[in-house]
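Dear colleague,

I am handing over the structure we spoke about, and below it I have set down what was found in it. Please read the notes with the structure open beside you.

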Amino acid sequence: MDEKTQILLEHQEDGDQRRWYSVDRTFLPVKMVYFIYIASLAVVRPYVPVFMFELGMNAFQVGILRCLEPLTSFLTSPVWGSIADRFNVHRILMVFTAVGSSLCIPLMLLVPPVDYFEPIFFNESDWRNQSRVHHVKENPIQGYHDDIFPWFSLTTFCLMALLMFVNNSFIAGFVPLLDANTIQLCKKYPGNSYGGQRWLGAFAVIIFSPIAGLMVDSYASIQASIGYDSLYFLQNHYLLSFTMVTLLGLLSIIPLLKMEMISKSSPESFSNEVREIFKSPDVMMTFILVLIVGSCKGIVGAFLFIFLRDLGASKLLMGTTLIVTCLTEVPCLVWSKKVIDKFGCPAIFCLGLFAYVIRLLGYSVITEPWQVLPIETLHGICYGLLWANCTEYANRIAPDGMAATLQSIMHATKAGVGEMLGVILGGLLYERNGARVMFQTSALVAAVTLVAYSIHLFVFYRNDASGPRTVKRDWKIVNQS
C-alpha cells in the first residue's frame with residue numbers, strides 16, 4: 001500500500017468517526033475562507049440599496065442596478081470558471097477576484113451624490129443653506145430644475161453601475177471557484193461535506209450583519225461634527241462598514257493561500273464537453289428547475305422586506321427574519337451530505353421546490369408582520385439544503401477538469417438569470433397586482449415546475465437502463481446516443 005492510499009484511508013476512517021463540529025486541519029483554511037469572505041459581504045450588501053437612495057438616486061435607477069447584479073453573474077461566472085479550468089489557474093483567479101471585490105466597495109464612497117453638483121449651477125449661498133440641503137436630500141427630484149436634474153442623476157447612476165458591475169463580476173468568479181474546489185476536496189477526502197464547510201458562512205452573517213448596522217449608526221452620530229467643507233466620503237456614515245469590507249476581504253486571502261487546491265487536466269474541447277452534457281434531458285430539465293428556484297429566490301430577496309414594510313413591520317423584525325433564516329440554514333448545510341446521499345439529488349430538488357411553494361403561499365396570506373417568522377424557517381431547505389444539492393449535482397455531472405466550469409454555470413443559472421427574471425417579472429406583478437398576487441403567481445409557477453419535473457423523473461427513470469428506479473441510487477446522466 002502506497003503512502004497516498006494510506007493517507008486517504010486514514011481520512012476516511014477519521015471521517016467516519018468525526019462529528020460535525022470537529023475540525024480537520026486540511027479543511028480549516030476552507031472554513032476560514034468561507035467565514036471571512038462571506039462576513040465581508042454581510043457587512044455591506046444589505047445596505048447598498050439604502051446607500052443608493054441616499055446618493056439621491058430614484059427607485060427606478062436602484063431597481064435597474066439590482067437587476068444588474070444577477071445579470072453580471074450570468075455573464076461573467078461561466079467565463080471565470082472556464083478560464084480557471086482551461087489554464088489551471090484556480091488559486092490565482094481566486095486571489096485576484098477576492099482582492100478585486102474587496103477594493104470595489106470602498107470606491108463607492110467616492111461616488112458623488114446627486115446634490116454634489118448643485119453648487120456648480122446654483123447660487124452658493126442657497127447651497128449653504130441648511131434647509132435647502134435638507135430639502136434636496138429628502139426630495140432629490142423636486143430639489144432641482146427639471147432640465148438639469150437628469151444629468152446629475154445620470155452621472156451618479158453611471159458611476160454606481162460601473163462599480164456594481166465590476167464588483168459583482170469579481171464575486172461571481174470567486175464564489176463558484178471556491179465551491180468547486182471545496183467539493184473536489186470533499187471528494188478526495190471522504191467523510192467531509194460541502195455543507196460542513198459552508199455553514200460557517202451563514203454563521204458569519206449572524207455575527208457581522210448586526211456589527212455593520214452598529215457601525216453605521218455609530219458613525220452617523222459623529223457625522224455632525226464634520227463640516228460640509230470636508231471631503232464627501234468622510235461625511236458618509238457608511239465609511240466604517242465599507243472599509244471593513246476591504247479589511248475582511250484581504251484577510252480571507254491568508255487562509256486562501258494555505259488551502260489545498262485540486263487540479264486536473266482539462267479536456268481538449270470545452271465547448272464540445274458542455275454540449276454533450278446538456279444533450280441529456282435530465283440535465284436540461286434540472287437546470288430549468290434551478291432557473292425557477294433562482295427566480296423564487298430573487299422575488300423573496302427583492303420584495304419580502306418591501307411587503308413587510310407595507311404591513312408595518314419594524315426594522316427590528318426585519319433584522320430578526322435574517323437571523324431566523326441563517327439559524328435554519330446552518331443545520332441544513334451541516335447535514336446536507338447525509339440527506340443527499342440517502343435520498344439522491346432529484347428528491348432534494350423536489351423537496352426544495354415544494355418548500356418554495358409553501359413559503360410563497362405563506363407570504364401571500366399573512367396579515368401581521370410577525371407571522372413571517374415561522375415561514376422563514378423554510379429558508380434552511382430553500383437555500384441551505386437546496387444549494388448544497390445544486391453544487392453536488394454540478395459536481396456529479398462535471399467531466400474531469402471541468403468542475404469549476406459546471407459550478408460556474410450552475411451559479412450563473414440560479415444567481416444570475418434566475419434571480420434576474422424573478423426581480424424583473426416580480427416587480428411587474430408587484431406594481432400591477434400587488435405583493436400577494438405576485439407571491440401566489442410565483443408559487444403557481446413553482447408548483448407547475450415541480451409537477452413537470454416529477455413527470456420527467458418518472459419517464460427518465462423508467463427509460464434508464466443504468467440502474468433501478470429509485471431515487472436513492474447515485475444520479476448519473478443517461479447516455480442518449
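In this predicted model, the structure holds 15 aromatic pairs. One of them is formed by F349 and Y393, whose ring centres lie 5.7 Å apart with the planes at 75 degrees, and because planes over 60 degrees apart count as edge-to-face, this pair is given that label. F349 belongs to helix α18 (residues 345-365) whereas Y393 belongs to helix α20 (residues 379-397), so the pair ties together parts that are 44 residues apart in sequence. As to their surroundings, F349 is buried, and Y393 is buried too.

Two further findings also concern aromatic rings. W80, F96 and F170 together form one aromatic cluster, and, elsewhere in the list of findings, the charged end of K342 sits over the ring of F343, at 5.6 Å from the centre of that ring.

Turning to the packing of helices, helix α5 (residues 90-107) and helix α12 (residues 239-251) pack with their axes 8 Å apart and at an angle of about 170 degrees, which makes α5 roughly antiparallel to α12, since angles over 145 degrees are counted in that way. On the side of α5 the contact is made by V99, S101, S102, L103, I105 and P106, and on the side of α12 by F242, V245, T246, G249 and L250. When the residues of this contact between α5 and α12 are sorted by character, seven are nonpolar, four are polar and none is charged.

The loop between α4 (59-87) and α5 contains N88, a residue you may wish to look at in the backbone, as N88 has a positive phi of about 55 degrees although it is not a glycine. Is N88 buried, exposed or partly exposed? Its relative accessibility is 40%, and because the partly exposed class lies between 20% and 50%, N88 counts as partly exposed.

Finally, some totals for the chain as a whole. The protein chain has 22 helices and zero strands, and of its 481 residues 53% count as buried. Among the contacts in the protein chain that link residues at least 6 apart in sequence, 82% join residues that are at least 24 apart.

With best wishes

How values were computed: Residues numbered from 1 in each chain as written. Predicted model: local features only at pLDDT ≥ 70, side-chain atom pairs only at ≥ 80, totals over all residues. Heavy atoms only, no water. Axes fitted to C-alpha atoms, helices over the stretch in contact; angles between N-to-C directions. Helix = DSSP H or I, 4+ residues; strand = E, 2+ residues; numbered from the N terminus. Parallel < 35°, antiparallel > 145°, perpendicular 65-115°, else oblique. Contact = heavy atoms within 4.5 Å. Nonpolar A, V, L, I, M, F, W, Y, C, P; charged D, E, K, R; others polar. Phe/Tyr/Trp six-rings, centres within 6.5 Å; stacked < 30°, edge-to-face > 60°. Buried < 20%, exposed > 50% of the residue type's maximum accessible area, 1.4 Å probe, protein only. Lys NZ or Arg CZ within 6 Å of the ring centre and 35° of its normal.
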